[in-house]
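Visitor: I would like a close look at a single part of this model. Please take one helix residue and its surroundings, and explain the terms as you go.

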Amino acid sequence: MTADEIMKTIEEMDNGERIKLLNMLFDCYFDSRPSKELIQKEKTELFWGNDEI
């Protein structure tokens with residue numbers, strides 16, 4: 001599928017489908033934030049220390 005074909009398909013979607021697609025693309029390819037689990041682990045280690053040592 002070419003980029004032009006993808007754009008044509010996106011333009012033919014209703015607004016709800018387009019928003020869902022854009023959210024999925026962001027989550028899969030553009031979101032570089034760490035996961036919630038990693039953030040919680042780092043905060044726990046910062047507060048309580050690292051038990052692995």
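**A close look at Arg 18**

Guide: Arg 18 lies in helix H2, which spans residues 15–30; helices here are DSSP runs of H or I with at least four residues, numbered from the N terminus. The model is a predicted one, in which local features need pLDDT of at least 70 and side-chain atom pairs count only at pLDDT 80 or more, while totals for chains, interfaces and linings use all residues. Residues are numbered from 1 along each chain as its sequence is written, and side-chain values use heavy atoms, with hydrogens and water left out.

With a relative accessibility of 24%, Arg 18 counts as partly exposed, a class between buried (under 20% relative accessible area) and exposed (over 50%), with a 1.4 Å probe and protein chains only. When its neighbours within four places in sequence are left aside, Arg 18 is in contact with Ile 10, Glu 11 and Met 13, where contact means heavy atoms within 4.5 Å. Towards Ile 10, the side chain of Arg 18 reaches the backbone oxygen at 3.3 Å. By contrast with these contacts, consider Asn 50: it stands 32 residues from Arg 18 along the chain, and the two C-alpha atoms are separated by 44 Å.

Helix H2 also holds Tyr 29, which counts as exposed because its relative accessibility is 65%.

Terms used:
Helices (H or I, at least four residues) and strands (E, at least two) are DSSP runs, numbered from the N terminus. A polar contact is a pair of N or O atoms within 3.5 Å; within protein, one must be able to donate a hydrogen and the other to accept it, and residues adjacent in sequence count only if both atoms are side-chain atoms.
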